[in-house]
Amino acid sequence: AQICKGNNATLSVETDVDATYLWSTGETTSSISINFPSNAFDRQKNNVTVSFNGCSKVLEENTFVSDA
């Protein structure tokens, strides 16, 4: 995904089961809002661990930040 500096984005995970979520930000909801201030780095990485019935999967999202 790519977003301009100074903007916000929502990352979300959808499953067909009653899974639990743990984002690298510490949040435990199925979606998170992330912001990219004007001094943001060129890339921001966010991970979410989705767990269900004793099994877990880590998903990673790299968001690239541009000036325009």
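Buried means under 20% relative accessible area and exposed means over 50%, with partly exposed in between. The exercises below apply these words to a predicted model.

**Exercise 1.** Work out which class, buried, partly exposed or exposed, describes C4, and place the residue in its strand.

*Solution.* Begin with the location: C4 is found in strand β1. Next take the relative accessible area of C4, which is 28%. Since partly exposed is the class between under 20% and over 50%, C4 is partly exposed. As a last step, look across the chain, where C4 and D42 are 38 residues apart in sequence and 9.9 Å apart in space, taken from C-alpha to C-alpha.

**Exercise 2.** Describe the surroundings of Q2, starting from its strand and ending with the residues that it contacts.

*Solution.* Q2 lies in strand β1, and its relative accessible area of 59% makes it exposed. If neighbours within four places in sequence are left aside, Q2 is in contact with F64 and S66. A further relation is that of Q2 to R43, for these two residues are 41 apart in sequence and 9.0 Å apart in space, C-alpha to C-alpha.

**Exercise 3.** Give the make-up of the protein chain in helices and strands, and then describe its burial and its surface.

*Solution.* The protein chain has zero helices and six strands, and reading along the sequence gives the pattern β-β-β-β-β-β. Turning to burial, the protein chain has 68 residues, of which 24% are buried. The accessible surface comes to about 4,800 Å², and carbon and sulfur atoms account for 46% of that surface. Finally, consider the contacts between residues at least 6 apart in sequence: 50% of them join residues at least 24 apart.

**Exercise 4.** Find the order of the strands in the open sheet of four strands, and explain why one side of β1 and one side of β3 are left without a neighbour in the sheet.

*Solution.* The open sheet has the order β1-β6-β5-β3, and its pairing is mixed. Within this sheet, β1 (2-4) and β3 stand at the edges, and each has a single partner strand, so one side of each is left without a neighbour in the sheet. From one strand to the next, the twist averages 30 degrees.

The pairings can then be taken one by one. β5 and β6 pair in the antiparallel sense over ten bridges, and S51 stands opposite S56 in β6. β3 and β5 also run antiparallel, joined by four bridges; here V50 in β5 is the bridge partner of Y21, while V48 in β5 is the bridge partner of W23.

**Exercise 5.** Show how β2 and β4 are joined, and say which side chains of β4 are buried.

*Solution.* Strand β2 (residues 8-12) is joined to β4 by five bridges, and the two run antiparallel. One of the partnerships is that of S12, whose bridge partner in β4 is S31. Along β4 the side chains alternate, so that I32 and I34 point to one face and are buried, whereas S31, S33 and N35 point to the other face and are not buried.

**Exercise 6.** List the residues of the largest nonpolar core, and then examine the contacts of F36 and N46.

*Solution.* The largest nonpolar core has twelve residues in all: I3, L11, V13, A19, Y21, W23, I32, I34, F36, V48, V50 and V65. β3 (20-23), β4 (31-35) and β5 each supply at least two residues of this core. For F36, when residues up to four places away in sequence are not counted, the residues touched include I3, N8, Q44 and V65.

N46 lies in strand β5, and at 3% relative accessibility it counts as buried. Not counting residues up to four places away in sequence, N46 touches several residues, among them L11, I32 and I34.

**Exercise 7.** Locate N53, state whether it is buried or exposed, and give its phi.

*Solution.* N53 lies in the loop between β5 (43-52) and β6 (55-66). Those two strands form a hairpin with two residues between them, and N53 is in the turn. With a relative accessible area of 70%, N53 is exposed. Most residues other than glycine have a negative phi. N53 is not a glycine, yet its phi is positive, at about 55 degrees.

Methods: Residues numbered from 1 in each chain as written. Predicted model: local features only at pLDDT ≥ 70, side-chain atom pairs only at ≥ 80, totals over all residues. Heavy atoms only, no water. Buried < 20%, exposed > 50% of the residue type's maximum accessible area, 1.4 Å probe, protein only. Contact = heavy atoms within 4.5 Å. Areas by Shrake-Rupley, 256 points an atom, 1.4 Å probe, with all protein chains shown as cover. Core = buried A, V, L, I, M, F, W, Y, C linked by side-chain atoms within 4.5 Å. Pairing = 2+ DSSP bridges. Axes fitted to C-alpha atoms, helices over the stretch in contact; angles between N-to-C directions.
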